[in-house]
Every structure is written in C-alpha cells, then in structure tokens.
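Okay, thanks for making time for this one. I'll put the sequence and the structure up, and then we'll walk through it.

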Amino acid sequence: MFNKILIANRGEIAVRIVRACRNLGIRSVAIYSKEDAKSLHVQLADQRICIGEGPAKNSYLNMDRIITAAKNMGADAIHPGFGFLSENSEFVRRCVENGITFIGPSAEVIDKMGNKSQARKTMMEAGVPVVPGTKEPVYDAEEGRRLAAEIGYPVMIKASSGGGGKGMRVAASDDEFEFQFNMAQRESANAFGDDTMYIERFVENPRHVEIQIMADTLGNVVALGERDCSVQRNHQKLIEESPSPAITEDIRREMNRCAVLAAKTVGYTNAGTIEFIVDPKGNFYFMEMNTRIQVEHGVTEMVTGTDLIIEQIRVAMGEPLSFKQEDIEIRGHAIECRINAEIPEKNFMPSPGVVQHVHLPAGNGVRVDTGLYEGYKIPSEYDSMIAKVIVHAADREAAIMKMRAALDEMLIMGVETNLDFQYQIMRHPVFCEGKADTGFIESIMKIS
C-alpha cells in the first residue's frame, strides 16, 4: 500500500484523486500554483505545497519542482491525472529515477503509443484496423503531397505528437496540400516541439467512439465498453455517452476485442483508452491511444459500477485487476456534459472570474465532478472546464431527460458558462435521435 500520493494536477480531477486516496486510506499531497492557492483540491488534500505561479510551464509542467515536492513531502507515488505531464515519458523516467511510482503506464509504452505515427505502425502490424495512410513519419511538404496523392483526397494531416486538436489540418485537394501541411507542421512545432507529421485519409462524417481498457502488471487486460465522444468542437469533446447509439452489438464486440489486442500488443498497464473513428457504414479504424485516465472516465464508471481511479492506484501497487472481462456488464445509459467557463455566443471565449453563487444538481443517478464553490476565483491561466455533469438512467431517452433536468437545476453566477448551450444540445433532434457526428457542433453553429 502506498503511504502517500502526490497529485500532479489541479481542478476537478485533482479533487477526484484526493477522494479516491481517502477511500483507500492513503494520504494525499496537493501541488498548486499561487493562482490555485484557494482551490478545492488544495483544501481537501492532507498536505499541500506551492510549486510556482503563472502559466503551467512554471508549475504544473515543471518536472523539477514536482519531483522535488514529492521527495520533500515523502510521497512514494505520483498520480498525474489527465493533461499536463500525464503522457510525458521523460516525467515517468524522472519519477522512476527518484524512487517514485508513476501511476500510469511505463515510459516505453508512452513513447510507443504517444507518437501517433509510431502507434499507427504498431497497430497495423498487430492487425488492428487503421485508417489508410502513411506508415512512416513525414517531414517534408513535397514528400507529403506525393503520399497524399497515393492515399487519395481528402486527407487529414496530423502531428505525430499531437493532441487536443493541435497540429491537425484537412487538405481537400493537391492545390491546398502544401499550405495546410505547413500550417499543421508549424502548429505541431509550437505546441509540442516536434515537427513530425503523418497523413491519413480523411473520413467524412465519422463518429468518434473509444474503448476504455484497464490492464494490470500480470498481463490481464479488460475492456470496459465504449464511449461515444462525437459531440465536439475543434476536436475538443463537449458531450460523452455510453453505450454509443451509433454501433451494433457485433461492432461493439469487435471493437472491444481490438482494444484488448492493441493493449496486449504493446504490453500496456494501468488505465488507457483506444480511440476509433467509425464511418457511416459502420467500419471502424484505430485513431490513437490515450495513455492516461480520460476526462470522461466517469461515464464508464456509471455504466459498469467500477472506480477507475482506485483501480489505477491498486494496479500501480502491483495488485491484479479486481474484475475479469466476464464481470463487466453495461447497465443502462450514461451521459456527460462538460461545463466550461466560456461564452458560446462569442466564439467560446473563456470567462474567468469569481463564482458568486453555485448550486449543483443532485439526486438518484446524478453526479457532478467539480472544484467549484462560492467565492472561488476561476483563473485565466488554465483550461476553462470547471465541472462535469454525469447522469445515469435505464436507457438513453431517460438519460437525456435526466440531463435536461440536471442542467436546468444547475446554477453558476459570476462567470459566463456553456450551460445553456449544453441544454440546447440536449433538446436538438439530431442529438436526441443519436445521429450527431463529429461535425454536428459546427453545423448547428453555422445554422444559428
């Protein structure tokens, strides 16, 4: 059993990890920037330590300060949450070198699956369906143009080290390829310090469906069903649900099989997500693997009755998974809405500020993961997501009704949020009919 876990994150995921530690009888340490001094995770943790101020590079991305904090506070493990250093292999190595357990996969696996072009190549060799495209990395626009012509337009140009929609561009024809390639490569270099690109056929009107897996150090890998994350803007997810209304039971079974195969192929351990795109005909293709816990993990927890954060910690301690594949049964339907401090009417401009009043919905099958409280100042330096509303009901129609009620009850005063925008989606006929693809948000924004 770990004695003390340092949480290398902030916001609602840090709060979530603190609570998981408490449930296991493990002491927790919160790191924080000066801007986050009064954050909820700082107040709830057993111990706390300031590691800097201002932008994340000075605090939550500063490896030296985090490692030093962990050693000074006597932490024997670090949970990275999601974002920040959660998929940074160098950080994992630094943890190991200092005798600290990283709660996640090994640095070698992160390197293999974190590089998107390398991950594609690995999955091709394993027999997992992959979108037709390049097998080797691409560095030059002229070479990329030649390969794009072989693949067939339209193509998607992607950063090998990408994530969060950065370094991604669509080229519809040979005439615009060079411009789009150079733009994507520049974005990648600026965001990730890596100009390695790859190219794949652009699948039009796809669904984004991902499989949650858990794997222990004894070779056991379990798939915990899928989440449909198709409702997104600029490749940033807004709504997630499980099960997906877009796939059949046969497709679901095959996607789960491929996800387990992918994890076993790379010797994966801990929590991970295999992301697929599904075309209108039901064909699915490997897109990437997220080597960390996902923002939307609560959706899976609601339909499977598991606690993925606790499972992560137990696996990191060397324990076997607490469940087998035959134990996983999807019950009912769950939906998550991400609540952001932003103004949809002004191109989703961030809206930091002081929360003057907050009322959170509750009741049977309603869960809110958040770090909000009255008087809390939402900083401008970090991500605008401030809460996740998750509901669970017997079926999809009942879950939609429950989410409408939860969003209608939720009240946040002092800052602008996307609450009304999410409520409108819950009443939109395309979403209600289960037909929203990855272009849904852009299409309704153009109409409005």
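I'll start with the whole chain, then go to a few helices, and finish with some backbone oddities and contacts.

So, first thing to keep in mind: this is a predicted model. The protein chain has 15 helices and 22 strands, so bear with me on the element names.

How does the radius of gyration of the chain sit with the globule rule? For 448 residues, a compact globule would come out near 22 Å, and the protein chain has 21 Å, so the two agree. If you prefer a box, the C-alpha trace spans about 60 × 50 × 45 Å along its principal axes.

On burial, 57% of the 448 residues count as buried. And if you take the contacts with a separation of 6 or more, 64% of them come from residues 24 or more positions apart. The surface is about 18,200 Å² of exposed area, with carbon and sulfur atoms supplying 47% of it.

For the electrostatics people: there are 50 positive and 63 negative side chains. The centres of those two sets lie 3 Å apart.

Okay, helices. Let me take α4 and α5 together, since they turn up in each other's packing. In α4, residues 89-97, the buried ones are Ser 89, Phe 91, Val 92 and Cys 95. Those cover an arc of only 160° around the axis, so they're on the same side of α4. What do they pack against? That would be α3, β4, β5 and α5.

Now α5, residues 107-114: here Ala 107, Val 109, Ile 110 and Met 113 are buried. Again the arc is only 160°, which puts them on the same side of α5. The cover over them includes α4, β5, α6 and β13. So α5 is in the list for α4, and α4 is in the list for α5.

Further down the chain there's α13, residues 419-426, with Leu 419, Phe 421, Gln 422, Ile 425 and Met 426 buried. They span an arc of only 165°, so they too share one side of their helix. And what's on the face turned away from that buried side? Asp 420 and Gln 424, both exposed.

Right, backbone geometry. As a reminder, most residues other than glycine have a negative phi, and most peptide bonds are trans. Here are some exceptions.

There's a cis peptide bond between Tyr 153 and Pro 154, with omega at about 0°. Pro 154 sits in the loop between α7 (141-151) and β6 (155-163). Another cis bond joins Ser 242 and Pro 243, again with omega about 0°. Pro 243 is in the loop that runs from β11 (236-242) to α9 (249-265).

Then the positive phi values. His 235 isn't a glycine, yet its phi is positive, at about 70°. You'll find His 235 in the loop between β10 and β11. Asn 270 has a positive phi as well, near 80°, but Asn 270 is in a strand, namely β12, residues 270-278.

Buried or exposed, for Asn 270? Its relative accessible area is 1%, and the cut-off for buried is under 20%, so Asn 270 is buried. His 235 has 38%, so that residue goes down as partly exposed.

Last bit: two residues and their surroundings. Ile 5 is in strand β1, residues 4-7, and Ile 5 is buried, with a relative accessible area of 0%. Leaving out residues up to four places away in sequence, Ile 5 touches quite a list, including Cys 21, Val 29, Ala 77, Ile 103 and Ile 313. For a sense of distance, Ile 5 and Asp 408 are 403 residues apart along the chain, and their C-alpha atoms are separated by 37 Å.

And Thr 217, which is in the loop between β9 (207-215) and β10. What does Thr 217 touch, once you skip residues up to four places away? Thr 269, Val 315 and Gly 318. Thr 217 and Leu 321 are 104 residues apart in sequence, and 9.0 Å apart in space, C-alpha to C-alpha.

That's what I had. If you want one place to zoom in on, go with Asn 270: a buried residue with a positive phi, inside a strand.

Terms used:
Residues are numbered from 1 along each chain as its sequence is written. Side-chain values use heavy atoms; hydrogens and water are left out. Helices (H or I, at least four residues) and strands (E, at least two) are DSSP runs, numbered from the N terminus. The radius of gyration is taken over C-alpha atoms; the globule rule is 2.2 Å times the number of residues to the power 0.38. Buried means under 20% relative accessible area, exposed over 50%, partly exposed in between (1.4 Å probe, protein chains only). Contact means heavy atoms within 4.5 Å. Accessible areas come from the Shrake-Rupley method with a 1.4 Å probe; for residues, only the protein chains shown count as cover. Lys and Arg count as positive and Asp and Glu as negative; His and the chain ends are not counted. The place of a charge is taken as NZ of Lys, CZ of Arg, CG of Asp or CD of Glu. The arc is that of the directions from the helix axis to the C-beta atoms.
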